[in-house]
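Here are some short exercises to work through with the structure open beside you. Try each task yourself before reading its solution.

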Amino acid sequence: MSTLEQCGELLDVAVVGAGPAGLGAGLYAARAGLRTMIFGDRYQSQLARAEIVENYPTQIEPLSGIELVERLAQHAGKFGAQFHEDEIRQIKREGNRFHLFTAGGACFPAFTVILAMGTRRQQLGVPGEQELYGRGVAYCTICDGPLFRGLPVAVIGRGEESAAAALRMSGIASHVEFILLAGTTLDDALREQVRAAGNVTIVQGASVEEIVGDESGAAGVRVIVDGNSRLIPVRGVFLEVGVLPASALAADLGVELDQDQFIRVGRNQETNVPGVFAAGDITGHRARQTVISAGEGAAAAVSAVDYIKSNGLGGERKSLRLIQWGTMQKPPACEEPAPSAPPAPAPAPNALLDYVREEPAYREAYAAYVPDEETLQQVKALRPRALVKIAAASWCPDCRRNIPKLARISEQLAGWEFRLVELGTPEAQELGVRAIPTIAVFDPDSGEELGRIVEEPRAGSLEKDLLEIARGEDEDVHFVEA
């Protein structure tokens, strides 16, 4: 599929990435009157993983990164930016148009592209890392740190972010082994701050051999220090070893990268490919700050507007609005989405619906999600009844993404009981919760666990994962003893 006729609606601006750079670009492009779509999952952005943001202009009171990214998305949506959660897998250029292909197989043509994919967390690449992921190995102290309250943990990494993670865990864990990788240095002030926590041991100049585990999950980290190998017993291992630019998509398009694989841009965020602009962490600026990324996104959108105007793309453009400031009159009020009608009471108990309706963080996503009814019909036919235990929290980005969807899905599974498990309780320990959300499905009669979904669906959607579980095809069933 490569022609315009085989693709969807023609866009003026396709923004790839839904972090602060992408949302800033989407806001400015949509406000200028351009047909704009933002591709990607805002909850996967680095901003969504930030515990507290205190330095975003006009935001005097601190707020969480999740709240800020949601406000940026609402602002862009107010001016007409559209959103598509699927990841862009390929971009092809044909004449003066680009064709963007999503992971789900959809195609979107666009006159301009703004690349704002940001960075992704770097893996350590040692034995045990992948095998124990979700069972004690994690990459986000904000999301999963509270699950290890009162337990010994290790934070492995380099630089200020790893020190911040160690300090964060010092207030949660019984003890923190802060393993600084070889070649890493900390400035004296930061080192003293870590030591002042009282329950943090700094292991300097270490090489990690492996992460070891037992039937309960992660059990320790084997390191080499000064030529000697030793095992550090812990129950949680948090990896903060840096980030890598998500620039493979740009390279395939012919966009020039620097030696560190960040995108090279000019003073107006333009790349070497006409019609392609880039913004945010993907450009490799020194300070990875939300305000800088959002500003670069705005600059990229202004350049996209100029490009479309100067090249006469999209036909008549007299309706394009001015970028600067606002209008002299009050802008039209944003139409709030009509509240969804309350669902009919489910025959089986459904604490999940009550939880989602009462939690403001979930309401918008709950109202917007449309379940895959065809797949859920197959689930019901295979398994009319089931018990689902859910461990989640509204401060977790993966929960903000998936729990509202699960609540919508639960309305289609009338014979299924959905029960919440409170974090930090014996029930959560018995369930073996080491990452959230954890969605465990049981046979209601025998009590046998049929399968579980941890953090993200493996088959591409919650509906497909539930279908695999209903078919007995779930390969990730594991039991964790209390």
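**Exercise 1.** Find the bridge partner of Ile439 in β20, then describe how the two strands run.

*Solution.* In this predicted model, start at Ile439 and cross to β20: the partner there is Ile453. Next, look along the whole pair. Strand β19 (residues 438–442) is joined to β20 by five bridges, and the two strands run antiparallel.

**Exercise 2.** Place these strands in their sheet: in what order do the four strands lie?

*Solution.* Reading across, the order is β18-β17-β19-β20, in an open sheet with mixed pairing. Now look for strands that pair on one side only: these are the edge strands, β18 and β20 (449–454). From one strand to the next, the twist averages 20 degrees. Finally, see what lies on the sheet. Helix α13 (residues 462–471) packs there and touches β18, β19 and β20. The direction of α13 makes about 160 degrees with that of β20.

**Exercise 3.** Which residues of helix α8 (residues 351–358) are buried, and what do they pack against?

*Solution.* Take as buried any residue under 20% relative accessible area. That picks out Leu352, Leu353 and Val356. Viewed down the axis of α8, these buried residues fall within an arc of 100 degrees, so they line one face of the helix. Their packing partners are α9 (360–368), β17 (386–391), α11 (397–410) and β18 (416–420).

**Exercise 4.** Which members of the largest nonpolar core touch the most other members?

*Solution.* Among its 59 residues, the answer is Met169, Phe178, Ile390 and Trp416. A second, separate core has 39 residues, including Ala18, Leu27, Val53 and Ala304.

How values were computed. Residues numbered from 1 in each chain as written. Predicted model: local features only at pLDDT ≥ 70, side-chain atom pairs only at ≥ 80, totals over all residues. Heavy atoms only, no water. Buried < 20%, exposed > 50% of the residue type's maximum accessible area, 1.4 Å probe, protein only. Arc of directions from axis to C-beta. Contact = heavy atoms within 4.5 Å. Core = buried A, V, L, I, M, F, W, Y, C linked by side-chain atoms within 4.5 Å. Pairing = 2+ DSSP bridges. Axes fitted to C-alpha atoms, helices over the stretch in contact; angles between N-to-C directions.
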